[in-house]
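Subject: The structure you asked about

Hi,

Here is the structure I promised to pass on. Have a look at it first, and then read my notes below.

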Amino acid sequence: MATVEISKESVEELAGSDLKAACDRARELVAARPDHEDAAKLLKQVVQRLAGELPPRPDPNAHLPPPLAEASRLLSADQNEPAEILLRRYLSEHRNDVRAMAMMAEIAGRCELFDNARKILDRALEIDPRSIDALLILGKLVSHLNLAQHKDRGEEALEIVERALAIAPQNADAVSLHS
């Protein structure tokens with residue numbers, strides 16, 4: 001089997017018809033010549049072209065009711081207090097909404113109210129044992145406690161994340177936490 005020489009020209013030729021293959025070839029070029037600045041620039045250009053052809057990423061909050069989508073946005077902006085107020089109001093009318101409960105637990109964890117966070121998550125998982133949101137936040141919480149309190153709870157955190165992966169093997173957050 002003949003080997004194809006990895007060159008800027010071969011990458012550019014592939015880029016005209018198969019950007020994914022061109023990206024792989026550009027990565028090989030960078031790996032073969034890590035100190036070559038032009039190889040790194042070429043890889044960056046191919047990756048940018050490839051990213052431009054991909055469909056836009058879906059909005060992770062699109063499936064949420066508007067109050068939860070807003071609470072999620074606030075949490076992402078590290079605005080815990082307004083998010084908590086919104087969630088409390090929402091939960092007063094939707095007491096068993098596991099997604100809202102998971103967000104409340106996240107706030108409790110951020111405020112170092114770990115026992116409260118655990119109680120909220122335990123209740124959420126009683127309602128829906130397959131809630132990925134609750135499982136991932138619980139996994140993060142147990143992992144944090146493992147590190148912060150120097151308790152041997154790493155196995156527990158790993159088991160929780162593996163439980164989430166068993167339910168949703170393609171969930172990016174679960175895969176990332178497991179890595």
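Before the helices, one definition: the expected span of a helix is 1.5 Å times one less than its number of residues. With that in hand, take α5, which has 14 residues and reaches 20 Å from its first C-alpha to its last, close to the 20 Å expected.

Please keep in mind that this is a predicted model. The mean pLDDT of the chain is 84, and 85% of its residues reach 70 or more. Confidence varies along the chain: among the elements, helix α5 (residues 80-93) has the highest mean pLDDT, at 97, while helix α1 (residues 8-15) has the lowest, at 57. I'd be wary of the start of the chain. Over residues 1-5 the pLDDT stays under 50, and for that stretch the model has two contacts beyond four places in sequence.

**The overall picture**

You'll find ten helices and zero strands. Of the 179 residues in the chain, 36% count as buried. If you take the contacts between residues at least 6 apart in sequence, 41% of them join residues at least 24 apart.

**Back to α5**

Which residues of α5 are buried? They are N80, A83, L87, Y90 and L91. These cover an arc of only 95° around the axis, which puts them on the same side of α5. If the spacing looks familiar, that's because an α-helix has 3.6 residues a turn, so residues three or four places apart point the same way. The buried residues of α5 pack against α4 (66-76) and α6 (98-110). On the face turned away from that buried side you have the exposed residues E81, R88, R89, S92 and E93.

Just past α5, have a look at D97, which sits in the loop between α5 and α6. Is D97 buried or exposed? Its relative accessible area is 11%, and buried means under 20%, so D97 counts as buried. Leaving aside neighbours within four places in sequence, D97 is in contact with L68, Y90 and L91. Y90 and L91 are also among the buried residues of α5.

**α6 and what surrounds it**

α6 has 13 residues and reaches 18 Å from its first C-alpha to its last, close to the 18 Å expected at 1.5 Å a residue. Ten of those 13 residues are buried, so α6 is largely enclosed by the rest of the structure. The buried ones are V98, A100, M101, A102, M103, M104, A105, I107, A108 and G109. What covers them includes α4, α5, α7 and α8.

For a view from the α4 side, try S72, which lies in helix α4. S72 is buried, with a relative accessible area of 16%. Not counting neighbours within four places in sequence, S72 is in contact with N61, L64 and M103. M103 is one of the buried residues of α6.

**α8 and the C-terminal end**

α8 has 17 residues and reaches 24 Å from its first C-alpha to its last, close to the 24 Å expected at 1.5 Å a residue. Its buried residues are I132, A134, L135, L136, I137, L138, G139, L141, V142, L145 and N146. Among the elements that cover them are α6, α7, α9 (154-167) and α10. Just after α8, H150 takes a positive phi of about 50°.

On α10 (residues 172-178), I'd click on L177. L177 is partly exposed, with a relative accessible area of 33%. Not counting residues up to four places away in sequence, L177 touches L136, K140 and V161. The C-alpha atoms of L177 and E162 are separated by 9.4 Å, with the two residues 15 apart along the chain.

**A pocket to look at**

Last stop: the second largest pocket, which holds about 210 Å³ of space. Its lining is made up of A105, E106, G109, R110, E112, F114, A117, I137, K140, L141 and H144. The elements giving two or more residues to that lining are α6, α7 (114-127) and α8 (132-148). A few names come back here: A105 and G109 are among the buried residues of α6, I137 and L141 are among those of α8, and K140 is one of the residues that L177 touches.

Happy to go through any of this with you at the screen.

Cheers

Definitions and conventions: Residues are numbered from 1 along each chain as its sequence is written. This is a predicted model: local features need pLDDT of at least 70, side-chain atom pairs count only at pLDDT 80 or more; totals for chains, interfaces and linings use all residues. Side-chain values use heavy atoms; hydrogens and water are left out. pLDDT is the predictor's confidence in each residue, from 0 to 100. Helices (H or I, at least four residues) and strands (E, at least two) are DSSP runs, numbered from the N terminus. Contact means heavy atoms within 4.5 Å. Buried means under 20% relative accessible area, exposed over 50%, partly exposed in between (1.4 Å probe, protein chains only). The arc is that of the directions from the helix axis to the C-beta atoms. On a 1 Å grid over the protein atoms alone, a cavity is a set of points where a 1.4 Å probe fits but cannot get out, and a pocket is an open set with protein on both sides within 12 Å along at least five of seven lines; lining residues have an atom within 4 Å of a point. Grid points are joined across faces, edges and corners, and a volume is the space filled by probe spheres set on the points.
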